[in-house]
Amino acid sequence: MRISRTRTATGLAISALALGTLPAWAAPSEPVAAPARPLVATAPTSAPASITYRSQNLIPLQGAVNVRDVGGYRTYDGERVRTGQVFRADALSKLTDADLGTVSRLGLKKVIDFRVPAEVQYDGADRLPDGLAPTSRAITDNGLFTQLLTAIGSKDPVKQEEMLGNGKAAAFMRDVYRTFVTDAANRAQFAATLRDIAGSRAPLLYHCTSGKDRTGWTTYLLLRLVGVPDRTATGDYLASNTYRAAYDAKLREALKQGGLMQNPDLIIPLQEVRTDYLGTALDEATARYGGLQGYLTKGLGLDAGTILKLRQRMVG
């Protein structure tokens, strides 16, 4: 029993340390400043060399470009996040027969789809191995998908500039990230997903359309909760730019060649993830809940038991 209590205390302390704070019972006698969170206004199209992510986490598919194993990262105490347990992805509606074989070998028992109905209607329902059906858990994109279709569909370069130019596209993305913190329904969906991971022993996958924003935020929260340092979790978040770069460039070229956009670079801020976007959500969490831990415990309602289960499930 004593060993069990020690492991529990250690696990919670590591998770708290990853969030830049410690519970009262584990806090040092002298105050310690939380580690600085380096943020810049924009991010490059790939993770900088100083930020590490695991390229071997990618699950190569023909019909999706951003499907990854969340595991393999080191925690603060030198342990590793387990591989083969949790996967993050972009839309799975275009999977080929060969892709289905690859996905079936992951052993998934649950697939969570964060897309709103308009996205599913436009892009199609998930194509999954037999016996596996998606769980719809829509998280609002704050109108991003409709905004993008409206701008492109207008074929009007003046209107597109008015809607997306002069920093408006990036500002819109920051608004999307604020809703991850401010919108109660969104918080409920993130919380339900993290509880699913904590309570399951079977492999699980969650995804949105591009696998970068709603999926990226969920993964950032999960990694921080189980003791992965901020720099590493941020690297995993930024890696979407690397994995999506070729696909997104082809899309921009197709828009130009098809006469839909004279300046398709206007949509780059909508296609990318940036530390500025992530920082907006984190700053909102600080403003409303006092920090990331407050957001997780008060905003998402995750208790110490759930956080401990997440670490036991994911680290070893």
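Start by selecting L310 together with L194, I197, A198, L222, L225 and V226: leaving aside neighbours within four places in sequence, these are the residues L310 is in contact with. Keep in mind as you click that this is a predicted model. L310 sits in helix α13, residues 304-314, and with a relative accessibility of 0% it counts as buried, the cut-off being under 20%. For a distance to check in your viewer, take the C-alpha atoms of L310 and V226: they are 6.5 Å apart, although these positions lie 84 residues apart along the chain.

**Zoom out to the whole chain**

Now colour by secondary structure. You should see 13 helices and five strands. Switch to colouring by accessibility, and 52% of the 316 residues come out as buried. The accessible surface of the chain is about 14100 Å², with 53% of that belonging to carbon and sulfur atoms. If you like contact maps, look away from the diagonal: of the contacts between residues at least 6 apart in sequence, 74% join residues at least 24 apart.

**Select the sheet**

Hide the helices for a moment and keep the strands. In what order do the five strands line up? Reading across, the open sheet goes β1-β2-β5-β3-β4, with mixed pairing. β1 (68-69) and β4 are the edge strands, each pairing on one side only.

Begin at the β1 edge. β1 pairs with β2 in the antiparallel sense, over two bridges. To find the register, pick D69, whose bridge partner in β2 is F87.

Then move across to β3, residues 110-113. β3 runs parallel to β5 (residues 204-207), and four bridges join the two. On the other side, β3 is joined to β4 (residues 134-136) by three bridges, again in parallel. A handy residue to select here is D113: it stands opposite H207 in β5, and its bridge partner in β4 is S136.

Bring back helix α3, residues 117-123. Together with β3 and β4 it makes a β-α-β unit, and the unit is right-handed.

**Show the charged pairs**

Next, display the side chains of Lys, Arg, Asp and Glu. How many salt bridges are there in the model? The count comes to 21. Here are some to visit.

- Select R244 and D90. Their side chains meet in a salt bridge at 3.4 Å, N to O. R244 belongs to helix α9, while D90 is in the loop between β2 (86-89) and α2 (97-104), so this pair ties together parts 154 residues apart in sequence. Are these two residues buried or exposed? Both R244 and D90 are buried.
- Select R178 and D175. The closest N and O atoms of this salt bridge are 2.7 Å apart. The two residues are three apart in helix α6, so about one helical turn separates them. Turn on the surface and you'll find R178 partly exposed, at 32% relative accessibility. D175 is partly exposed as well, at 35%.
- Select K212 and D213. This salt bridge has an N to O distance of 2.6 Å. K212 and D213 are both buried.
- Select K94, D113, R115, D123 and D126 as a group. Salt bridges with shared partners join these five into one network. You've already met D113, as the residue opposite H207 in the sheet.

**Finish at helix α11**

For the last stop, select residues 275-289, which make up helix α11. At 1.5 Å a residue, its 15 residues should span 21 Å, and the end C-alpha atoms are 20 Å apart, so the two agree.

Why describe α11 as largely enclosed by the rest of the structure? Because 11 of its 15 residues are buried. To highlight the buried set, pick T275, D276, Y277, L278, G279, T280, A281, L282, E284, A285 and Y289.

With that set still selected, show what surrounds it. The buried residues of α11 pack against α6 (168-182), α7 (184-199), α8 (214-225), α9 (230-257), α10 (268-271) and α12 (292-299). Two of these helices came up among the salt bridges: α6 holds R178 and D175, and α9 holds R244.

Before you close the viewer, step just past the end of α11 to G290 and check its backbone torsions: phi is positive there, at about 85 degrees.

Notes:
Residues numbered from 1 in each chain as written. Predicted model: local features only at pLDDT ≥ 70, side-chain atom pairs only at ≥ 80, totals over all residues. Heavy atoms only, no water. Expected span 1.5 Å × (residues − 1). Buried < 20%, exposed > 50% of the residue type's maximum accessible area, 1.4 Å probe, protein only. Contact = heavy atoms within 4.5 Å. Salt bridge = Lys/Arg side-chain N within 4 Å of Asp/Glu carboxyl O. Areas by Shrake-Rupley, 256 points an atom, 1.4 Å probe, with all protein chains shown as cover. Pairing = 2+ DSSP bridges. Right-handed = clockwise from strand over helix to strand, strands pointing away.
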